Structures are given as C-alpha cells and as structure tokens.
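Biologist: Could you walk me through this structure and show me how its features are read?

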Amino acid sequence: MLGDLVILRAMDAGDAEALWRWNSDPEVMRWLSDGYPDTREQVRKWLEDRPRNAYDDVLFGIEVRSEGTLIGLVRLHGAKAETGCSELDIYLGEKGFWGRGYATDAMRTACRYGFEKMRLHKIKLTVVTENHAAHHVYRKVGFVEEGRLRQCFRRDGDWYDMFTMGLLEGELR
Ligand SMILES: CC(C)(COP(=O)(O)OP(=O)(O)OC[C@H]1O[C@@H](n2cnc3c(N)ncnc32)[C@H](O)[C@@H]1OP(=O)(O)O)[C@@H](O)C(=O)NCCC(=O)NCCS
C-alpha cells in the first residue's frame with residue numbers, strides 16, 4: 001500500500017532483528033505496553049508463526065519510500081464484520097526518523113487501507129494522554145477523543161490516563 005512518503009508491506013521473519021531492537025528500546029516503548037521481554041528468537045518465531053494477514057489482523061511494516069528502510073509498524077486488529085470496527089496500533093522504532101512526517105503518512109495510508117480495502121466503518125485506538133506527539137498525529141488525521149480511561153497505564157511507578165479515540169468512515173484528513 002503506497003503512501004506519499006511510505007510503503008506499507010507485509011512483515012516476515014527477516015524483520016525480527018529490527019522488531020526485537022525496537023521492542024527493547026525504552027525510549028520507543030515509553031508510552032507503549034511492553035509486556036514481558038522476548039528474545040530475538042522468540043520475536044523471529046512470532047513473526048514466522050503468525051497467520052497470514054487477514055481481516056481480523058493486518059500487520060504492516062512501514063518503509064520509507066525513497067530508500068526502502070524499515071522504520072516501524074502499523075497494525076489493524078480485532079476487526080469484526082458485524083460492526084466494521086477495527087483497532088489500530090502504530091509505532092516508529094527507528095528514532096532517527098521521528099518528526100519527519102512518516103507516522104502521519106503511515107496513519108493516513110493504513111486508515112485508507114482500512115476504509116477502502118477492508119470496508120471498515122470505524123477505526124479506534126488508545127493513547128496515553130501524555131504522549132503528545134502521537135495524540136497530535138491522531139488528531140491531525142481526524143481522530144477524535146471519545147473517552148478517557150483513568151489510570152490504566154503504569155510507567156516507572158506512576159499512573160497515567162489514556163484517551164480512547166475514533167475515526168469514522170469519511171472523517172480521514
Ligand atoms: C509518536 C510517533 C508515532 C510520531 O511519529 P512521527 O513520524 O515523529 O510523527 P510525524 O513526524 O508524522 O508528526 C509528528 C507531529 O507531532 C508534533 N509533535 C512532536 N512532538 C510533540 C509534542 N511533544 N507535543 C505536541 N506535538 C508534538 C510534530 O510537530 C508533528 O506535528 P506537525 O506535523 O503538525 O508539525 C513516533 O514518535 C513513535 O512511534 N513514538 C514511539 C511510540 C509511540 O509512542 N507510538 C504511539 C503509541 S499510541
């Protein structure tokens with residue numbers, strides 16, 4: 001799937017090293033639930049064993065169009081035919097590429113994929129209220145806050161609230 005700045009493409013076991021490195025980087029994972037640590041081998045096996053992309057779980061690697069570098073991932077998951085609603089997660093693991101418009105373009109491209117290809121009606125996500133850059137990007141492409149989840153994210157001993165945000169078909173900017 002082609003954006004202005006990025007290409008979204010399927011991921012495979014060859015991406016394990018990058019994914020493991022991103023997931024092990026505290027700065028990248030600052031506002032993300034990181035779960036328990038995985039080894040490189042476990043990440044490789046997860047990528048190898050996951051079923052092929054399908055309606056209820058689409059995982060894309062984000063590549064910079066001009067140079068073909070893998071810089072992050074975006075995932076549409078949990079889609080239900082009954083509601084036409086899916087959740088979206090995104091992160092850029094390569095910090096040198098932050099602040100250059102890539103996440104904005106990847107969001108637009110992934111949402112376009114969701115609405116046009118998957119015929120979704122709604123895409124939703126959650127974001128820690130303190131994650132100002134991500135929140136800004138989501139608002140910029142058209143997501144709106146639909147609720148506030150109190151103290152449901154914990155980092156370094158402190159509790160943080162999260163916004164739930166949603167984007168309806170026709171609202172993508
Ligand atoms: C958050 C993240 C996705 C943003 O990616 P990015 O490629 O740097 O985003 P873009 O360059 O497209 O846009 C960043 C925007 O946020 C703005 N921004 C950056 N830091 C900000 C801050 N502290 N407060 C408010 N806005 C901020 C920039 O000015 C820019 O807006 P503009 O285009 O209107 O000028 C990326 O930094 C990331 O993956 N971080 C770690 C993981 C993460 O937090 N993922 C999201 C979890 S919900």
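**The ligand and its surroundings**

Modeller: The model is a predicted one, and a good place to begin is the ligand, which has 22 residues around it, with Leu92, Gly99, Thr104, His136 and Lys140 coming nearest.

Biologist: Which polar atoms of the protein lie close to oxygen atoms of the ligand, and how much of the ligand does the protein bury?

Modeller: From the backbone, an N or O atom of Leu92 lies 2.7 Å from an oxygen atom of the ligand, and a polar backbone atom of Arg100 is 3.2 Å from an oxygen atom of the ligand. From a side chain, an N or O atom of Asn131 is 2.8 Å from a ligand oxygen atom. Taken alone the ligand exposes 960 Å², of which the protein buries 70%.

Biologist: Where does the ligand sit, and which elements supply the shell around it?

Modeller: The ligand sits in the largest pocket, and at least two shell residues come from each of strand E4 (85-92), helix H3 (102-117), strand E5 (122-128) and helix H4 (132-141). Helix H4 gives the most, with 7 residues.

Biologist: Turning to strands, how should I read the side chains of E2 (residues 57-64)?

Modeller: In a regular strand the side chains alternate between the two faces of the sheet. In E2, Asp57, Leu59, Gly61 and Glu63 point one way, whereas Val58, Phe60, Ile62 and Val64 point the other way, and all of them are buried.

Biologist: Which strands are joined to E2, and how do they run?

Modeller: Strand E1 (residues 6-10) is joined to E2 by 5 bridges, and the two run antiparallel; here Arg9 has Gly61 as its bridge partner. Strand E3 (residues 70-80) is joined to E2 by 7 bridges, also antiparallel, and Ile62 stands opposite Gly72 in E3. E2 and E3 form a hairpin with 5 residues between them, and Gly68 in the turn has a positive phi of about 70°.

Biologist: What should I make of a positive phi in residues other than glycine, and where do Arg119 and Gln151 lie?

Modeller: Most residues other than glycine have a negative phi. Arg119, although not a glycine, has a positive phi of about 55°, and it is found in the loop between H3 and E5. Gln151 has a positive phi near 45°, and this residue lies in strand E6 (residues 144-155).

Biologist: Are these two residues buried or exposed?

Modeller: Arg119 counts as exposed because its relative accessibility is 70%, and Gln151 is exposed as well, with a relative accessible area of 51%.

Note on methods
Residues are numbered from 1 along each chain as its sequence is written. This is a predicted model: local features need pLDDT of at least 70, side-chain atom pairs count only at pLDDT 80 or more; totals for chains, interfaces and linings use all residues. Side-chain values use heavy atoms; hydrogens and water are left out. Buried means under 20% relative accessible area, exposed over 50%, partly exposed in between (1.4 Å probe, protein chains only). Helices (H or I, at least four residues) and strands (E, at least two) are DSSP runs, numbered from the N terminus. Two strands pair if DSSP finds at least two bridges between them. A residue is near a molecule or strand if one of its heavy atoms lies within 4 Å of it. A polar contact is a pair of N or O atoms within 3.5 Å; within protein, one must be able to donate a hydrogen and the other to accept it, and residues adjacent in sequence count only if both atoms are side-chain atoms. Accessible areas come from the Shrake-Rupley method with a 1.4 Å probe; for residues, only the protein chains shown count as cover. On a 1 Å grid over the protein atoms alone, a cavity is a set of points where a 1.4 Å probe fits but cannot get out, and a pocket is an open set with protein on both sides within 12 Å along at least five of seven lines; lining residues have an atom within 4 Å of a point. A molecule sits in a cavity or pocket if more than half of its atoms lie within 2 Å of its grid points.
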